Amino acid sequence: MKIALVGNQNSGKTTLFNYLTGMNAKIGNWPGVTIEKKTGTIKGTKHEITDLPGIYSLSPYSIEEEISRKFVFDDKPDVIINIVDATSLERSLYLTTQLMELDCKVIIALNMADLLEKRGIAIDEKKLEEKLGAKVFKISALKETGIDEIIKEIDKKEDLTRVKIYDENIEKSIEKISNDLSKEHKRFISVKLLESDARFKEYNNDAIDNIKKELEKNYDTDLEEIIASERYSFIEKTKKECVKEKEVVETISDKLDKVFLNKWIAFPIFVVVMFLVYFLSVGVVGSSTVDWVADNMDAFGEWVGTSLENAGASDWAVSLVVDGIIAGVGAVLGFIPQLIILFLCISLLETTGYMSRIALLFDKLFRKLGMSGKSLIPFIVGSGCSVPGIMGTRIIENQDEREMTSILVPFIPCSAKLPIISLFAGYFFDKNSGIVSASLYFFAIIVIIISAFILSRTKFKHVSSSYISELPEYKVPSAKYVAKDVFDKVIAFIKRAGTVILVCSIVIWFLLSFSFGMEYGVDIEDSMLASIGKTVSWVFYPMLGQNNWGATVSAIQGLVAKEQVVSSMAVIAGLAEDVEEGSEIFADGTPFAGITAAAAYAFMVFNLFSAPCFGAIGAMQRELGSTKRMLKAVLFQTSCAWILATIVYQIGSRIESGAINWANLVIILAIVIVLACIIVSKFIKKGDGCARCPYCNNCK
Amino acid sequence: MFLSELNVGQKARILKLNFENKEIRRHLLDMGLTRGTEVEIKKKAPVGDPIDIKLRDYELCISKSDLKQIEVEVIK
């Protein structure tokens with residue numbers, strides 16, 4: 001039998017799903033969107049169960065709700081298990097009243113039964129069963145009690161009759177409409193037609209419009225609101241008869257929030273928490289684990305190399321396995337310890353309920369940029385490494401906000417970009433190298449703000465300016481849940497990012513090891529990559545002031561890992577791989593001899609903002625949901641980088657040659673800013689202005 | 001009076017939702033902000049926006065700009 005698991009966010013749905021399936025769920029992606037669908041088999045049976053996204057209603061307004069509705073209509077589950085948070089019954093039963101209108105067997109799992117007594121709530125489930133017309137079971141997904149009763153119930157025939165919940169007029173209209181329908185889920189569709197749900201307009205006709213008009217005469221508002229009100233009054237009435245509760249004055253969560261949301265100490269506490277997360281995942285602890293894995297991978301590569309040589313494999317085959325595959329895959333594996341720590345931190349922040357508070361702290365600020373308060377976390381993590389940063393965007397619920405954040409996270413200089421900065425800044429700006437390095441961070445922040453501003457008004461126009469989100473209570477996290485959560489995310493990373501990296505690393509290895517004559521083991525200068533570099537070096541002309549194939553090849557190699565830019569430059573200059581001395585790399589006679597300070601700054605800017613490394617590209621592909629959208633994002637990032645680097649060089653080289661002095665520059669900048677403001681303001685007016693803004697009545 | 005004007009601890013009854021944006025209005029209706037519902041201002045973010053309100057035995061955070069569209073009468 002096919003079973004769907006439906007419930008509010010935060011209702012313990014995933015915990016119940018994991019228990020029912022014995023944690024053997026297959027994770028797949030819903031087509032077109034990045035919301036995950038999980039399907040598994042209930043242990044001990046042949047029932048296939050699908051975990052639907054957490055929703056509050058089956059309205060047509062959010063992707064999650066649309067997916068759930070589509071699943072119920074197209075995949076036709078035989079049974080719906082509706083998980084209900086018993087501690088907030090009123091809101092949870094709203095979804096139940098909608099599910100009960102479907103032609104499906106509905107079983108209600110009253111979760112968190114273990115908490116009821118503590119809260120002084122008593123629920124009479126037999127009475128509730130009678131009032132709702134659906135089987136009700138008290139369970140605790142966390143303590144794993146009561147669940148077997150549900151499994152037994154799945155096979156039984158439903159012997160309860162559905163109740164009518166609306167007032168007489170509406171019930172009559174529903175009956176009239178449903179009599180003319182021939183489809184399944186008649187009652188559900190009839191209610192949707194009354195609500196003027198756009199997804200069902202194919203069933204609409206003049207007769208229904210007349211029924212609606214007639215009905216609306218009895219009330220002073222539209223039917224959408226009336227039906228929602230009617231559902232809630234039914235729930236209130238039911239609750240009064242089935243539930244007894246004590247008045248709670250101040251909960252533990254209220255007390256904790258007095259500290260964590262305090263006007264004065266909320267931000268200092270946040271800084272401490274963020275520091276801990278950063279310190280553990282990308283700081284000292286995280287980077288030492290990365291080094292450890294890297295060392296072991298090197299040793300492993302050497303061992304495999306010698307073994308293959310002994311077995312008589314030819315040079316190129318050994319190199320393919322060692323330098324191509326193992327080095328490439330090693331780059332992915334290197335991230336894993338870091339990712340585990342990061343996901344652990346994030347999972348703890350989420351399950352304890354602190355994440356929702358972080359969103360509250362920064363929401364106002366980030367909303368102005370079309371992102372969410374939670375976007376701050378990926379950016380902070382991204383300053384260590386873009387890969388966990390991009391994967392950290394998962395915490396953002398809104399799809400547009402999530403995607404925008406994942407595209408902008410790589411703009412923050414990650415730790416792998418530091419060698420590039422220290423090489424160029426150290427050699428070309430000598431005494432000012434500190435200021436120059438810092439200036440790049442400010443530059444990055446400004447670019448992120450501007451990009452966010454533009455993206456949220458063009459590509460991601462539908463980003464809502466409102467914030468409506470449940471504030472969950474603080475909870476002690478469950479070790480089992482956290483472990484499963486971290487495990488799932490890490491496996492997903494290995495699968496997706498791993499395959500992208502593997503393919504790309506092999507391609508780069510091939511281009512670097514062979515000449516166009518298919519000769520193996522040539523000097524880097526004769527390799528295919530160098531030939532390509534020479535052909536496309538004109539792309540870099542506007543930012544370097546010369547055709548420099550060495551810089552081009554290094555930038556391409558930066559795709560594998562950004563720290564490779566420096567080692568690649570060292571190799572091209574004919575030095576050992578680990579040379580990081582500017583005086584040697586930029587010495588006369590090397591391909592980099594002609595680079596000026598302006599070109600150096602421009603090249604840094606290009607490497608900072610251009611396509612991130614394959615690891616981050618893989619993570620972006622996963623978060624954006626398709627290769628096409630990932631390529632678009634990479635193109636956006638690279639074009640930004642090219643334009644910015646060109647501007648930097650063109651202005652910088654003119655300052656160097658004395659064509660522009662500082663006074664002129666200030667004037668030019670002022671003109672550019674004024675022009676930009678005019679264009680942006682025009683651009684916004686030209687857009688759909690009023691239509692885009694949901695609060696029009698104040699302006700009129 | 002609008003919900004955005006209330007202070008922490010005050011209780012009010014919802015009179016009307018003035019949203020032009022149907023999506024937000026529907027979402028709030030689904031979350032239980034129907035006419036006649038009693039709400040209490042529980043907490044505010046340190047910068048004063050969004051605001052956390054209690055209704056129907058749970059807590060919901062809503063941005064101030066949205067609360068400006070909700071007409072209420074103060075009970076306490």
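Which residues make a nonpolar surface patch of about 570 Å²? Select A:Ile667, A:Ile671, A:Val674, A:Leu675, A:Ile678 and A:Ile679, and you have the patch on screen. Before you go on, keep in mind that this is a predicted model. To see where you are, find A:Ile667: it sits in helix H30 of chain A, which covers residues 662–686.

**Stop two: helix H29 and a neighbour**

Now select residues 627–657 of chain A, which is helix H29, together with residues 399–408, which is helix H18. The axes of these two helices come within 10 Å and cross at roughly 50°. Angles from 35 to 65 degrees count as oblique, so H18(A) is oblique to H29(A). The crossing of H18(A) past H29(A) is right-handed. Want to see who is touching whom? Show the side chains of A:Gln399, A:Glu403, A:Ile407 and A:Leu408 on the H18(A) side, then A:Arg629, A:Ala633, A:Phe636 and A:Gln637 on the H29(A) side.

**Stop three: the other partner of H18**

Stay with H18(A) and add helix H28, residues 614–624 of chain A. Here the axes also come within 10 Å, but the crossing angle is roughly 170°. Over 145 degrees counts as roughly antiparallel, and H18(A) and H28(A) are therefore roughly antiparallel to each other. Where do they meet? Look for A:Glu403, A:Ser406 and A:Ile407 in H18(A), facing A:Met620, A:Glu623 and A:Leu624 in H28(A). You have seen A:Glu403 and A:Ile407 before, in the contact with H29(A).

**Stop four: back to H29**

Bring up helix H20, residues 433–455 of chain A, alongside H29(A). This pair packs at an angle of about 130°, and the axes are 13 Å apart. That angle makes H20(A) oblique to H29(A), and the crossing is right-handed. On H20(A), pick out A:Phe443, A:Val447, A:Ser451 and A:Leu455; they meet A:Phe636, A:Leu644 and A:Val648 of H29(A). A:Phe636 also turned up in the contact with H18(A).

**Stop five: a salt bridge**

Side chains of opposite charge can pair when their charged atoms come close. How many salt bridges does a search of the whole structure find? There are 44 over all chains. For one of them, select A:Glu101 and A:Arg231, whose closest N and O atoms are 3.1 Å apart. This pair links distant parts of the chain, 130 residues apart. A:Glu101 lies in the loop between helix H3 (89–99) and strand S6 (105–111), while A:Arg231 belongs to helix H10 (residues 223–242).

**Last stop: two backbone details**

Zoom in on A:Glu144, in the loop between strand S8 (135–138) and helix H6 (147–155) of chain A. Its phi is near 60°, a positive value in a residue other than glycine.

Then hop over to chain B and select B:Asp49 and B:Pro50, which are joined by a cis peptide bond with omega about 0°. B:Pro50 is in the loop between strand S2 (38–44) and strand S3 (51–55) of chain B.

Terms used
Residues are numbered from 1 along each chain as its sequence is written. Chains are lettered from A and ligands numbered from 1 in the order in which they are written. This is a predicted model: local features need pLDDT of at least 70, side-chain atom pairs count only at pLDDT 80 or more; totals for chains, interfaces and linings use all residues. Side-chain values use heavy atoms; hydrogens and water are left out. Patches are made of residues with over 30% relative accessible area and no salt bridge: like charges are joined within 9 Å, nonpolar side chains (Val, Leu, Ile, Met, Phe, Trp, Tyr) within 5 Å. Accessible areas come from the Shrake-Rupley method with a 1.4 Å probe; for residues, only the protein chains shown count as cover. A salt bridge is a side-chain nitrogen of Lys or Arg within 4 Å of a carboxyl oxygen of Asp or Glu. Helices (H or I, at least four residues) and strands (E, at least two) are DSSP runs, numbered from the N terminus. Axes are lines fitted to C-alpha atoms, for helices over the stretch in contact, and angles run from 0 to 180 degrees between N-to-C directions. Angles under 35 degrees count as roughly parallel, over 145 as roughly antiparallel, 65 to 115 as roughly perpendicular and the rest as oblique. A crossing is left-handed if the near helix is turned anticlockwise from the far one by less than a right angle, and right-handed if clockwise. Contact means heavy atoms within 4.5 Å.
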